[in-house]
Amino acid sequence: MKVRSLLKRTLVPKALDEQLNAIEKPVGTLGYDPWGFNVDTNKIAVALFKPIFEKYFRVEVNGIENVPAEGPVLLIGNHSGQLPIDGTLIAYALATRKQNPRLPRAMIERFFPTVPYLGNILNQMGGVLGDPVNCSKMLARNEAVIVFPEGIRGSGKLYRDRYQLKRFGNGFMHLSMQHNAPVVPVGVVGCEETIPAIANIAPLAKMLGIPYVPVALPLILPAKVILNFGEPMSFPSEECQEEEVTRRVDKVKEQISILIDKGLQQREGLF
Amino acid sequence: MATPKNKSKPEIMITGAAGALAQQAIKRLREQYKIIAVDFREQVYLSDDIASYRIDVNKRGFEDIFRKHDIKAVVHLGRMIASEENRMRRYNSNVIGTHRLLDLCHKYHIGKVVILSTYHVYGANAYNPALIDESAPLKAAELTMDLIDSVELENLANIYLWRYPDLNITVLRPCNIVGPGVKNTISTLLSSQYTPVLAGFSPMMQFIHIDDMADAIALTVVKTKGGIYNVATDDWVAYQEALAASACRKIPIVSVPPVLPKMISSVLRLRSFPSYLINYFKYPVILDGTLFNTTFGFNPQYSLNEIFRYYRSMKT
């Protein structure tokens, strides 16, 4: 804890500290929330991520004003890039937007909590175990939640499948309807090129108990990233058949696809 | 010790009366109730007006207490905790003993039964969501046979809850109870100078001060509202930060592969860091106490800082 205080004092500029303090966050007396989010660790992460966001990936953000200033909201994006860089970039963009910044929570893969150090650090930064109960409880507490409905199907896909949306789970739509939470579609362009993988060593992944082991360069390439946030989409909360839920999910998927195409057109080069 | 029936105040039996929590609960209830204190460990003297018995619930003579007194309510706090005795004795005391107690409660038309359970029943699992509510499955038995008695005790209480609604059974599942006099695992760890931690794991935890927990029990006795309730504060802290705030020096134990810390705990016979509780120092079990708070109007008073200040002060 002394280390964290020291890091915060050293790394977090006063202006950023004040900016993040202004964002209301339902934390307890020692700066934690029930999922392990920690105010100070989050500040350190934002400070460390600033040069990565601005200089390394030179992230271009469009339409971020579409994320409501308050209330429950689901940020639904396409997943890519082997590592959860896309979620972190979306979270940073929203935490540092000029008008009404928010600290969104990203649902993370279920295997992360079993990894020493990393699991706790991700939690402290704002990552939450990807469980529908967690998402539901957070929406009930008016949080903004980042969900990648493709899950590991998206993040683990190979370079040759880039920008092809995989199957979306329906869970997020049920939660959106249950909590009257609008869905803001996000098209992420660039993360596919950060760690291009040519193959997945599935047997090794199975042996290690992790989702995939990509055959890729052991470095993260500085691809230019474009984040396009779409208009919020609201869905009626009345119960309906699963077929209708799937149709609604497809509508979101379609919007994300449009936003990806838009990003690909905006991009002038890979790097 | 025989005591004439006192008609002025309703009589209430409190088991586990030698424990710190029971004594705090007695303090809060003695104005309104005539206390019958029971403990199998020792005969506790609390005051002249409190009847006290040293007896095991499983002994035949235990029923005589019901015969001698006109008991209206039973607060069953006399659980052997996981660090006490062996698995079989705990099972006999916690499950068979509670079974007998509930049978006697039914036989003697007791109108209110409060049973102290534990958050351990939910099990510490990597995939636990946070803010677990009362309807979540009890997965502790998946982890270890050593927690079977906790889960079985709850199953038993559930059976009596629906079979005999007149008993008005209230089961309380508190988070970590800590504070002066508490001798459970977590309180022992916070009191220690050197405390084991699993390297790379610092699960979120909740702590409730013994005085707040005693208030919760007293509220449950006074307001008859049967059911199962989590009792937890709306404040959270990572385990390792709780230790630092309590001035404990951390001793990291290798955490992977998972069998290693369990082996270390077993070989070194770490009583305060038992192998069957290892997962509770690895993965979080965070309770949603909203139902209890709203049903009983409960509002815990002690902050985490006040709780940890007590443990810090023990070391100076």
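## A parallel pair to start from

In chain B, strands β1(B) (residues 11-15) and β4(B) (residues 71-76) run parallel to each other and are linked by five bridges. One rung of that pairing sets Thr15(B) against His76(B) in β4(B). Bear in mind as you look around that this is a predicted model.

β1(B) has a second partner as well: strand β2(B), residues 34-39, is joined to β1(B) by five bridges, again in the parallel sense. Here Ile12(B) has Ile35(B) of β2(B) as its bridge partner. To get from β1(B) to β2(B), the chain passes through helix α1(B), residues 20-29, in a β-α-β crossover that is right-handed.

## Following the sheet onward

From β4(B) you can step across to β5(B), since the two pair in parallel over four bridges. His76(B) turns up again here, with Ile115(B) as its bridge partner in β5(B). β5(B) in turn is joined by four bridges to strand β6(B), residues 169-174, and these two also run parallel. In that pairing, Val113(B) is matched with Ile169(B) of β6(B).

## How well covered are these strands?

Take β1(B) to begin with: five of its five residues are buried. Glu11(B), Met13(B) and Thr15(B) lie on one side, Ile12(B) and Ile14(B) on the other, and both faces are covered.

β5(B), residues 112-116, tells a similar story: five of its five residues are buried, so the strand is largely enclosed by the rest of the structure. Lys112(B), Val114(B) and Leu116(B) point one way, while Val113(B) and Ile115(B) point the other way, and all of them are buried.

## The nonpolar core

Nonpolar side chains tend to be buried together in soluble globular proteins. In this model, the largest nonpolar core has 156 residues, and those touching the most other members are Leu74(A), Leu75(A), Val145(A), Ile12(B), Ile14(B), Ala25(B) and Val75(B). The element that gives the most to this core is helix α4(A), residues 85-95, with eight residues.

Helix α4(A) is mostly covered, with eleven of its eleven residues buried. Among them are Ile85(A), Leu89(A), Ile90(A), Tyr92(A) and Leu94(A), along with Asp86(A) and Thr88(A). Over in chain B, Val75(B) makes a handy place to zoom in: apart from its neighbours within four places in sequence, Val75(B) is in contact with Ile12(B), Ile14(B), Ala25(B), Val114(B), Ile217(B) and Val221(B).

## The two chains overall

Chain A contains ten helices and nine strands, and chain B contains eleven helices and 13 strands. A compact globule of 271 residues would have a radius of gyration near 18 Å, and chain A agrees with its 18 Å. For the 316 residues of chain B the expectation is near 20 Å, and chain B has 19 Å, which agrees. Along the principal axes, the C-alpha atoms of chain A fill a box of roughly 50 × 45 × 40 Å, and those of chain B span about 60 × 40 × 35 Å.

Buried residues account for 43% of chain A and 49% of chain B. What share of the contacts in chain A between residues at least 6 apart join residues at least 24 apart? The figure is 77%, and chain B also gives 77% for its contacts with a separation of 6 or more.

## Where the chains meet

Across the interface, 24 residues of chain B are in contact with 20 residues of chain A. On the chain B side, β12(B) (237-238), α8(B) (239-245) and α11(B) (304-313) each supply at least two residues. That side of chain B is made up of 16 nonpolar, five polar and three charged residues.

Gly200(B) is worth a closer look. This glycine sits in the loop between β8(B) (194-198) and β9(B) (204-205). Is Gly200(B) buried or partly exposed? Gly200(B) is partly exposed, because 17 other C-beta atoms lie within 10 Å, and a residue needs 20 or more to be buried. Leaving aside neighbours within four places in sequence, Gly200(B) is in contact with Pro116(A), Tyr117(A) and Ser255(B). Its C-alpha atom is also 8.6 Å from that of Val254(B), a residue 54 places away along the chain.

Methods. Residues numbered from 1 in each chain as written. Chains lettered and ligands numbered in written order. Predicted model: local features only at pLDDT ≥ 70, side-chain atom pairs only at ≥ 80, totals over all residues. Rg over C-alpha atoms; globule rule 2.2 N^0.38 Å. Buried ≥ 20, exposed ≤ 12 C-beta atoms within 10 Å, placed from the backbone. Contact = placed C-beta atoms within 7 Å. Core = buried A, V, L, I, M, F, W, Y, C linked by C-beta atoms within 7 Å. Nonpolar A, V, L, I, M, F, W, Y, C, P; charged D, E, K, R; others polar. Pairing = 2+ DSSP bridges. Right-handed = clockwise from strand over helix to strand, strands pointing away.
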